[in-house]
Amino acid sequence: MRHPRASEDARHSFQKKRDGYKEQGKSLVYLDESGFAKDMPRIHGYSPRGQRCFGVQDWQAKDRTNVIGALLGMVLMAIGLFSSPVNSDVFYAWVTQLLLAYYHQEDHSITPVSV
């Protein structure tokens, strides 16, 4: 199965850059952000055959927790939990106050790259 927007050229380009960084002794740090609600609404339900299923959903994302984390090799690090949406200000604060602080504490050097 192949994603409709998958590009073999882009994949090979990324792999070439990644391998070049590894040859230089640099490590890649992978970042991810996700969110979850304390009370996830159900989007499916059950009812007797032929009868309509009724329910109430609140999609306003209240009581939602967002998390940002970084993965270096097999180590999950600099995990930040936020009760607000993750916008550029929150992300910048996470990078400067958690990720960079962890990196400096572990005596790593950082070279920002775009892949």
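This briefing covers the fold, the sheet, the helices and a few individual residues of one protein chain. The model is a predicted one. The chain holds two helices and three strands, arranged from the N terminus as α-β-β-β-α. The strands make up an open antiparallel sheet, and one aromatic pair is counted.

**Chain as a whole**

- The protein chain has 115 residues, of which 16% are buried.
- Its exposed surface comes to about 10,000 Å². Carbon and sulfur atoms contribute 53% of that area.
- Among contacts with a sequence separation of 6 or more, 50% are between residues 24 or more positions apart.

**Sheet layout**

- The sheet is open, with its three strands in the order 1-2-3 and antiparallel pairing.
- Strand 1 (29-37) and strand 3 (75-82) are the edge strands; each has a single partner strand, so one side of each lacks a neighbour in the sheet.
- On average, neighbouring strands in this sheet are turned by 20° against each other, with direction ignored.

**Strand 1 with strand 2**

- Strand 2 takes in residues 64-72 and is joined to strand 1 by nine bridges, the two running antiparallel.
- Val29 has Leu72 of strand 2 as its bridge partner.
- Phe36 is bridged to Thr65, again in strand 2.

**Strand 2 with strand 3**

- Six bridges connect strand 2 and strand 3 in the antiparallel sense.
- Leu71 has Leu76 of strand 3 as its bridge partner, and Val67 is placed opposite Leu81 of strand 3.
- The hairpin formed by these strands has two residues between them, and Gly73 in this hairpin adopts a positive phi near 65°.

**Thr65 in strand 2**

- Thr65 belongs to strand 2. Its relative accessibility is 15%, so Thr65 counts as buried, the limit being under 20%.
- Beyond its neighbours within four places in sequence, Thr65 contacts Ser34, Gly35, Phe36, Lys38, Leu81 and Phe82.
- One of these contacts, Phe36, is also the residue whose bridge partner is Thr65.

**Leu81 and Ala78 in strand 3**

- Leu81 is located in strand 3. With 61% relative accessibility, Leu81 counts as exposed.
- Leu81 contacts Thr65, Asn66 and Val67 when neighbours within four places in sequence are left aside. Val67 is also the residue that stands opposite Leu81.
- Leu81 and Ser34 are 47 residues apart along the chain, and their C-alpha atoms are separated by 9.9 Å.
- Ala78 is part of strand 3 and has a positive phi of about 50°, although it is not a glycine.
- At 12% relative accessibility, Ala78 counts as buried.

**Helix 1**

- Helix 1 covers residues 8-23, 16 residues in total.
- From its first C-alpha to its last, helix 1 reaches 22 Å, close to the 22 Å expected at 1.5 Å a residue.
- Gly25 follows helix 1 and has a positive phi, near 80°.

**Helix 2 and the aromatic pair**

- The count of aromatic pairs is one. The pair consists of Phe91 and Trp94, with 5.8 Å centre to centre and 35° between the planes, and is classed as tilted.
- Why is the pair tilted and not stacked? Stacked planes lie under 30 degrees apart and edge-to-face planes over 60, so the 35° between the planes of Phe91 and Trp94 makes the pair tilted.
- Phe91 and Trp94 are three residues apart in helix 2 (residues 88-105), so about one helical turn separates them.
- An α-helix has 3.6 residues a turn, so residues three or four places apart point the same way.
- The two partners have separate burial classes: Phe91 counts as partly exposed at 35% relative accessibility, whereas Trp94 is buried, with a relative accessible area of 1%.

Notes
Residues numbered from 1 in each chain as written. Predicted model: local features only at pLDDT ≥ 70, side-chain atom pairs only at ≥ 80, totals over all residues. Heavy atoms only, no water. Pairing = 2+ DSSP bridges. Helix = DSSP H or I, 4+ residues; strand = E, 2+ residues; numbered from the N terminus. Axes fitted to C-alpha atoms, helices over the stretch in contact; angles between N-to-C directions. Expected span 1.5 Å × (residues − 1). Buried < 20%, exposed > 50% of the residue type's maximum accessible area, 1.4 Å probe, protein only. Contact = heavy atoms within 4.5 Å. Areas by Shrake-Rupley, 256 points an atom, 1.4 Å probe, with all protein chains shown as cover. Phe/Tyr/Trp six-rings, centres within 6.5 Å; stacked < 30°, edge-to-face > 60°.
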